[in-house]
Amino acid sequence: MALISSLCIFFLVAHFTTPIVCHKRSHQAALFVFGDSLFDAGNNNYINTTASFQANYFPYGESFFKYPTGRNSNGRLIPDFIAEYANLPFIPPYFEIRNKHLVHGVNFASGGSGCLAETARGAVIDLKTQLKLFQNVTQLLRNEVGETESKQILSNAVYIFSTGSNDIFSALFANSSFPHSDTEYVQMIMGNLTSVLKGIYKEGGRKFVMLNVGPIGCIPTIKAFNFQMGVTNGSCMEEITNMTKMFNSALPQMFKKLEKQLHGFKYTIFNFFKVFGDSIDNPTKYGFKISETACCGTGPFRGILSCGEKRQVKEYELCKNVKDYLFFDAVHPTELAYQQFAALLWNGTTDVVAPHNLKSFFESSNSRCPSSLQFLLYMKKKQQCEI
């Protein structure tokens, strides 16, 4: 009996003096991108839509790429900068992945899209369809690297979203017979967004990043619309701002609920409304000279979306120095603005990105340390020793 006890003590000492080796992932966390024209890197180039939802013509892309890629800016977008900070290549649009490895991520975003299928139906890739494309990619990923490695890639990955603004535009510019109250409509948007997040979670996603909706009631195209309605002082549209605030207030509640429901679910929200709004109100603080008028467009505030003469209105003006401008066209920021937003999202303080900044998401340990399993094995052996 003394011999058995000694052997048990030896086993337990050996067990706890043996180092636990944690095998970290051999590659950087992937980035999967969902949403609208703030993130679309060229998916709308490949779908049956109109020039109103595309940016694959000059002068889009002129500053960085030197040719139009489909990005709604003069250069790079927020996901491009995030990829750079995370030591990833540019994340390819879904329709350009044929000859590319998938381990770094894929961009599913579609300009003009929303959470609801009714938003620009038939002309864009709505969020639920983006989820279906992602599900296609997860299967391709399994085929490429195998079941075990694909699970690790998907759980380590970061999933970033910019969506909701086009749903709000769609509601407020609908005809007078719009059948929902603002509260009901925001709940509908949240319902679809929740469904998509759960769908990604089911595929293995765990780390989610959301931009809340920016100050879209104050962008040049809305100020131009106001001007045409007789509001000539450059003020924002209150109805849009009110619904935007309602949407943004509902976001953290929805994410906190999912965090409680789904084991391992992590999220962070970037206060795009605050940061972008401050840029409009205080452009010199961010290095801009002009924040009310777009670099490219026509009409009041260059707020008619005519940049590139491919849309309904053909005439447009193009500024001489794009670095002076916060807005590139009547809706979308310049590359320099996107770079500043991305830097704050990456490593900003909790007043603009919370509860985590994106850098911490990418740097968080993805080690596979079997501490719980280790304890269970210890207890099993302990019980055997006590017999």
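**Reading a sheet from its second strand**

Author: In this predicted model, glycine 35 stands opposite serine 162, a residue of strand S2.

Reader: Which strand pairs with S2 in the parallel sense over five bridges, and which residues does that strand span?

Author: The general idea is that strands of a sheet pair through backbone hydrogen bonds, in either a parallel or an antiparallel way. Here the partner is strand S1, residues 31-35, and the two strands are joined in the parallel sense over five bridges. S2 is also joined by five bridges to strand S3, residues 207-211, and these two run parallel, with serine 162 standing opposite leucine 211 of S3.

Reader: Are the residues of S2 buried or exposed, and which way do they point?

Author: Strand S2, residues 158-162, is mostly covered, with five of its five residues buried. Val158, Ile160 and Ser162 point one way from the strand, while Tyr159 and Phe161 point the other way, and all are buried.

Reader: What is the order of the strands in the open sheet, and why is one side of S1 and of S7 left without a neighbour?

Author: The five strands of this open sheet follow the order S1-S2-S3-S4-S7, with mixed pairing. S1 and strand S7 (353-354) stand at the edges, and each has a single partner strand, so one side of each lacks a neighbour in the sheet. S7 is joined by two bridges to strand S4, residues 266-270, and this pair runs antiparallel; within it, alanine 354 of S7 is the bridge partner of isoleucine 269.

Reader: Which strands does helix H10 touch as it packs on the sheet?

Author: Helix H10, residues 335-347, touches S2, S3, S4 and S7, and its direction makes about 145 degrees with that of S4.

Key
Residues are numbered from 1 along each chain as its sequence is written. This is a predicted model: local features need pLDDT of at least 70, side-chain atom pairs count only at pLDDT 80 or more; totals for chains, interfaces and linings use all residues. Side-chain values use heavy atoms; hydrogens and water are left out. Buried means under 20% relative accessible area, exposed over 50%, partly exposed in between (1.4 Å probe, protein chains only). Helices (H or I, at least four residues) and strands (E, at least two) are DSSP runs, numbered from the N terminus. Two strands pair if DSSP finds at least two bridges between them. Contact means heavy atoms within 4.5 Å. Axes are lines fitted to C-alpha atoms, for helices over the stretch in contact, and angles run from 0 to 180 degrees between N-to-C directions.
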